[in-house]
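Visitor: I should like to take a close look at a single part of this protein. Would you please guide me through its nonpolar core and the aromatic rings?

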Amino acid sequence: TMARLEIHREKTFSTFLENLGDMVNTDVLILSTYDSEAIRYQMNMLRRAGNSVTFMQLERGRKNAQTA
């Protein structure tokens, strides 16, 4: 039997970050393959609220990657 996973996005990642606006004095690490001006803007808003925000952009995986 094969499993099937369907992903449905309720909100954009920048909107998710915006909803963290009440957070203060927190270390935030963002790992993502995607970057945008909207995400960078929300990261800066979190920093202005006294948070430490680090962004690490991940490489996209190869579609036909072989595993050892």
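Guide: The following account begins with the core and then turns to the aromatic rings. Please keep in mind that the model is predicted.

The largest nonpolar core consists of eight residues: L17, V28, I30, I39, M43, L46, V53 and F55. Two or more of these residues come from each of the elements β1 (27-32), α2 (37-48) and β2 (52-57). Helix α2 provides the largest share, with three residues. As a general matter, nonpolar side chains in soluble globular proteins tend to be buried together.

One member of this core, F55, deserves particular attention. Leaving aside residues up to four places away in sequence, F55 touches I30, S32, Y34, D35, R40 and M43. Of these contacts, I30 and M43 also belong to the core. The contact with R40 can be described further: the charged end of R40 sits over the ring of F55, at 4.5 Å from the centre of that ring.

We may now consider how aromatic rings pair with one another. The count of aromatic pairs is one. This pair is formed by F13 and F16, whose rings are stacked, with 5.8 Å from centre to centre and 25 degrees between the planes. The angle qualifies as stacked because planes under 30 degrees apart are counted in that way. F13 and F16 lie three residues apart in helix α1 (residues 13-18), so about one helical turn separates them. As for accessibility, F13 is partly exposed, with a relative accessible area of 34%, and F16 is likewise partly exposed, at 38%.

Key. Residues are numbered from 1 along each chain as its sequence is written. This is a predicted model: local features need pLDDT of at least 70, side-chain atom pairs count only at pLDDT 80 or more; totals for chains, interfaces and linings use all residues. Side-chain values use heavy atoms; hydrogens and water are left out. A nonpolar core is a set of buried Ala, Val, Leu, Ile, Met, Phe, Trp, Tyr and Cys residues joined through side-chain atoms within 4.5 Å. Buried means under 20% relative accessible area, exposed over 50%, partly exposed in between (1.4 Å probe, protein chains only). Helices (H or I, at least four residues) and strands (E, at least two) are DSSP runs, numbered from the N terminus. Contact means heavy atoms within 4.5 Å. Rings of Phe, Tyr and Trp (its six-membered ring) pair if their centres lie within 6.5 Å; planes under 30 degrees apart count as stacked, over 60 as edge-to-face and the rest as tilted. A charge sits over a ring if NZ of Lys or CZ of Arg is within 6 Å of the ring centre and within 35 degrees of the ring normal.
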